[in-house]
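Student: Could you take me through one part of this structure slowly, as you would at the bench? I would like a close look at the sheet in chain B, and then at how its surroundings fit in.

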Amino acid sequence: MSLWYAICNAIPLEMLQWDFMKNALLALLLMAPLFGILSTMIVTGHMSFFSDALGHSAFTGIALGSIFGIAAPTWAAVAFSVFFALLFSYIRRDSNQAADTLIGVFSSAAVALGILVATLGGGSFTKYNKYLVGDVLSITPGEIGMLALVLLAVLVFWCLYANRLTLTAVHPQLASSRGIPVALSQTVFTVAIAVVVTLSISSMGLLILNSLLVLPGAASRNISRNQKQYHLYSVLFALASGLTGLSISYSFGCSAGAAISLVLTLFFAVTYVFRGRNA
Amino acid sequence: MSELHYKDCGHACCLRVENLAVTIGGSQILKDMNLHVHCGEMVALIGPNGAGKSTFLKAILGQRSYTGVIAFSEPGQRSHKPRIGYVPQSPAFDPGEPLSVADLFACCMSKRPAFLGISKAMEEMITTCLDRVHGVDLIHKRVGTLSGGELQRVLLALALEPMPNILILDEPLSGVDAEGMTILMDMLDEIRKTYDLSILMTTHDFSLLPKYADQVVLIDGGIKAKGTAGEVLSSDAFQAIFHMKGGAL
């Protein structure tokens, strides 16, 4: 971290005189490629509601972790989210219900359980507010280290499996005929999303997190013609919105997550207007 | 049912199906299926919707459990392990998906992730594959914007790399206009003659069968008729299933 602080000190920006801003900036530089990359597959695989439901399950996991006195509720949340993701994947394959119906079932059950557990015995819900809204400005060096590890893991996973995941998402029958284990690919990706969502929830908040998982890919999709452009623009949009959103947050004293989300929405609107060239 | 005169068949392009039956969820979809396909033959599987044509193809592909024999040899010979090229029934790709034809090939054939871009060597390989279906100009088009005929040609080019012994196509003519159908069938005819591979395809379009198919198999829960196009299309079973006369085609 001291090297990063030294780099920030060399940049003549007022907001970077504060350690919490330096931490937030580094966290966003790590989150941008993470969300940018995952966003492409979430949009392609029509999983935006699912990633939203995962955010809710992560909150439930945190509430369960707190109530049972687990030292680090984040890990309880990761475990619960992964369990939730695996159970959903199994039932989606086994049931004849539409995916959006099942997501509704799982999402509302997770939220209800989370609220019930959090308020059990007349407990106050206030301490959970940070998981709803999130606060990237209070991220700790330890959490940044965890984000770096997750980014590294996702990059390795992506280099090895992106082709298979793409083929599975766009044409499962074709993927299956090429020897790709479709169900396994879908499950592994689902688990990856569950871990990333859960580890990001305290920084971004479950109410805003999903926009970061959907909007970079959605905006990029408006103007991309191939996978290279799709990934590149998605990561660039995530990066640009992270930096702009952090500046807005510092200047106006508002939530960084909300500012980032709104900047991304603006990117989506602009690319939507200019999508005609790509049609 | 008439017997065809088969060529010598000592390769994996030879398909032998004996007493095949498929049961899914307690209901029998196919039963008592017997069929021989020899190298270089084009065999068309016809039948009404839900007759079990796609199920039969999936059994051959090993994607569906079955009872009976599916072997790739003559009786008494050791079964070869064939390379099977498969062109799946093709729902339209999402038109907005940023996936070029080159990306689709890279996703199927390359270890290098498509999002890092297509290497020169891979692009040359894709060009060679597309050249087989006269589709080199499609390489940078988005898959979702291809016409039905163009998409079938691209999927066919994919199925031909590596060159298979048996090529299986599920409804390749659906969503393809009349001109596209003739182009595609001419291409398949040329490919099977050039590479001596056998072709199995399902279709609902009977008009091209007399010109292109060596053997037509009518399926409805099992094989109801097989033989040349003329024999099957004028058979009682065909008329009973489709309520039409063969002469009307």
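Tutor: Happy to. In chain B, six strands form an open sheet with mixed pairing, in the order β5-β6-β7-β3-β8-β9. Please keep in mind that this is a predicted model.

Let us start at the two ends of that order. The edge positions belong to β5 (84–87) and β9 (223–227) of chain B. Each of these has a single partner strand, so one side of β5(B) and one side of β9(B) are left without a neighbour in the sheet. As you move across the sheet, neighbouring strands are turned against each other by 15 degrees on average, with direction ignored.

Now zoom in on the β9(B) edge. The partner here is β8 of chain B, residues 215–219, and the two strands pair in the antiparallel sense over four bridges. If you want a landmark on screen, pick Val216(B), which stands opposite Gly227(B) in β9(B).

At the other edge, look for a helix. Helix α4 of chain B, residues 148–159, lies across β5(B) and β6 (166–169) of chain B. Its direction is about 165 degrees to that of β5(B). Follow the chain on from this helix and you enter the loop between α4 and β6 of chain B, where Pro162(B) lies. The peptide bond leading from Glu161(B) into Pro162(B) is cis, with omega near 0 degrees.

Past β6(B) there is another backbone detail to look at. Glu171(B) sits in the loop between β6 and α5 (178–195) of chain B. Its phi is positive, near 50 degrees, although Glu171(B) is a residue other than glycine. Is Glu171(B) buried or exposed? It is buried, because 21 other C-beta atoms lie within 10 Å and the cut-off for a buried residue is 20 or more.

Asp32(B) makes a good companion to Glu171(B). Here too phi is near 50 degrees, again a positive value in a residue other than glycine. Asp32(B), however, is found in a strand, β2 of chain B, residues 27–37. With 12 C-beta neighbours inside 10 Å, Asp32(B) counts as exposed, because the cut-off for that class is 12 or fewer.

One more positive phi follows helix α1 of chain B. The residue after α1(B) is Gly62(B), with phi near 85 degrees. The helix itself covers residues 53–61, and its buried residues are Lys53(B), Phe56(B), Leu57(B), Lys58(B), Ala59(B) and Ile60(B). Two lysines are on that list, Lys53(B) and Lys58(B).

Let us step back to see where these pieces belong. The domain assignment splits chain B into domain 1, made of 15–91 + 165–248, and domain 2, made of 94–145. The C-alpha centres of these two domains of chain B lie 29 Å apart.

Next comes the partner chain. Chain A has twelve helices and zero strands. Its radius of gyration is 19 Å, close to the 19 Å from the globule rule for 279 residues, so chain A is as compact as a globular protein of that length. Its C-alpha trace spans about 55 × 55 × 35 Å along the principal axes. Buried residues account for 47% of the 279 residues in chain A. Among chain A contacts with a separation of 6 or more, 72% join residues 24 or more positions apart.

Where do the two chains meet? Contacts link 23 residues of chain A with 21 residues of chain B. On the chain A side, α7 (141–170), α8 (172–177) and α11 (227–252) each supply at least two residues. The most come from α7(A), which gives seven. By type, the chain A side divides into seven nonpolar, twelve polar and four charged residues.

To finish, try one residue from α11 of chain A, namely Tyr230(A). Leaving out residues up to four places away in sequence, Tyr230(A) touches Thr40(A), Ser220(A), Arg221(A), Ser224(A) and, across the interface, Pro98(B). Tyr230(A) counts as buried because it has 27 C-beta neighbours inside 10 Å. For a sense of distance within chain A, Gly114(A) is 116 residues from Tyr230(A) in sequence and 36 Å from it in space, C-alpha to C-alpha.

Notes. Residues numbered from 1 in each chain as written. Chains lettered and ligands numbered in written order. Predicted model: local features only at pLDDT ≥ 70, side-chain atom pairs only at ≥ 80, totals over all residues. Domains from an automatic or database assignment. Contact = placed C-beta atoms within 7 Å. Nonpolar A, V, L, I, M, F, W, Y, C, P; charged D, E, K, R; others polar. Pairing = 2+ DSSP bridges. Axes fitted to C-alpha atoms, helices over the stretch in contact; angles between N-to-C directions. Rg over C-alpha atoms; globule rule 2.2 N^0.38 Å.
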